[in-house]
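Biologist: I'm new to this one. Could you walk me through how to read it?

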Amino acid sequence: METDSTATSAPSPTTTASASAEPKLPVCILVLGMAGSGKTTFLQRINAHLHSEKTPPYVVNLDPAVHELPYPCNVDIRDTVNYKQVMKQYSLGPNGAIVTSLNLFSTTFDQLLSILDKNQSKYRYFLFDTPGQIEVFTWSASGTIITEALGATYPTVIVYIMDTPRSANPITFMSNMLYAVSILYKYRLPFIVVLNKTDIIHHRFALEWMKDFELFQSAIEQEHSYSTDLCRSLSLVLDEFYANLRCVGFSSMTGDGCKEFFEAVDDACHEYEHVYKVEYNKWQEKRSKREHDKREKDLKRLKNDLNTEPSLIGEKRIRYDDNESDDDDDDEDDEDRTNNDDDYEEEEESFKRYLAKSVKNPTTTNDNMDM
Ligand SMILES: Nc1nc2c(ncn2[C@@H]2O[C@H](COP(=O)(O)OP(=O)(O)OP(=O)(O)O)[C@@H](O)[C@H]2O)c(=O)[nH]1
């Protein structure tokens, strides 16, 4: 959806939503973006804007490696996990330590959820700052856990911050867009692209590239790079993605674009309620049905096993009686019995001989017994 006055991207299906539609629950705004794109400055700006509107947000910092935060924050991951300690303890490099810190924090995320739950009546927005290295959050298990847990409870919007001056290069622009699309399709949550730093360069060129395929092609032609062909093909694929994308020009330095940004958030919330939530509920229903079916199947199998057990024993007995090897055993038993009988007769004979001797010679002792 286009929310900027000069924006030209195609409208999303949700643009019919009332921009002022106020969600009942607070809106979670998850701020993601490449290193140095301006995430922290952006959060500082919208935090200041919300304070000036007398709707202060609840702020959560999920970046364990941030040196200093330029805004007050209600929950700080650094209070729970010491990133430097993690590095030492697990002999990790900086990125590994960020991932591990985030993983450790996500194990206590239920506590954060209950804190948010307690505060939901007091706040309209929950803001989340994420680590500088975007992949640490977007492609880690903890990032997924956090995003999905929020998305399941609150209207959640992913805000992708793009460095507009750096994206003036069509190849960098394409890389940024590919990253954005991968996050969008991973989480499927309502998505806003913030073209940041518009005080340096206007974002008009980016909107035109998204709208006019040929314009982007001619920009690519001038690049004379090996990746030109790839970018050309990718731009064709991304056409559909651009069509439904909310893009907002923003300057975290001057605050330009704040109004348009919050209009985009309202629109994204509408999408959350009418698209994401509906899909999520359907998926939940399917999942619980699958789990129920599995439980029923297991129970049935158990019942079957219990019912067949006595017959199994009977069958075993029958088999034992009929079993060939059992017959062999019987033969062996018979043979043993015959052998034993022979032994017994021999002993009897020997005993008789002994008695006969004893009668003849009463001094015969047991030592002389021929047994
Ligand atoms: N001119 C201008 N500079 C900006 C703007 N937003 C951020 N910056 C600058 O861009 C640099 C990076 O900004 P940060 O907010 O630290 O970026 P970040 O994405 O949080 O950085 P990491 O978390 O370290 O990846 C800083 O020097 C900011 O002053 C903007 O809108 N305009």
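Modeller: Sure, we'll go from the whole chain to a few chosen features. This is a predicted model, where local features need pLDDT of at least 70 and side-chain atom pairs count only at pLDDT 80 or more, while totals for chains, interfaces and linings use all residues. Residues are numbered from 1 along each chain as its sequence is written.

Biologist: How many helices and strands does the chain have?

Modeller: Helices (H or I, at least four residues) and strands (E, at least two) are DSSP runs, numbered from the N terminus. Here there are 14 helices and seven strands.

Biologist: And what share of the chain is buried?

Modeller: A residue is buried if 20 or more other C-beta atoms, placed from the backbone, lie within 10 Å of its own, exposed if 12 or fewer, and partly exposed in between. Of the 371 residues in the chain, 34% are buried. Take Val278, which sits in helix α13 (residues 258-322): with 11 other C-beta atoms within 10 Å, Val278 is exposed.

Biologist: Which residues of helix α9 are buried?

Modeller: A general idea helps: an α-helix has 3.6 residues a turn, so residues three or four places apart point the same way. In α9 (residues 204-211), the buried ones are Ala206, Leu207, Trp209 and Met210. Looking down the axis of α9, they fall within an arc of 160° (taken from the directions from the helix axis to the C-beta atoms), so they line one face of the helix.

Biologist: What do those buried residues pack against?

Modeller: Contact means two C-beta atoms, placed from the backbone, within 7 Å. The buried residues of α9 pack against α8 (170-187), β6 (191-196), α10, α12 (239-243) and β7 (246-249).

Biologist: At what angle do α10 and α11 cross?

Modeller: Axes are lines fitted to C-alpha atoms, for helices over the stretch in contact, and angles run from 0 to 180 degrees between N-to-C directions. The axes of α10 (residues 213-221) and α11 (residues 228-237) come within 10 Å and cross at roughly 170°. That makes α10 roughly antiparallel to α11 (over 145 degrees; under 35 is roughly parallel, 65 to 115 roughly perpendicular, the rest oblique). Phe213, Phe216, Gln217 and Ile220 of α10 meet Thr228, Cys231, Arg232 and Ser235 of α11.

Biologist: Which residues come nearest the ligand?

Modeller: "Near" means a C-beta atom, placed from the backbone, within 6 Å of the molecule. There are 16 residues around the ligand, and Gly38, Thr40, Thr41, Gly132 and Ser252 come nearest. Helix α1 (residues 39-52) gives the most to this shell, three residues.
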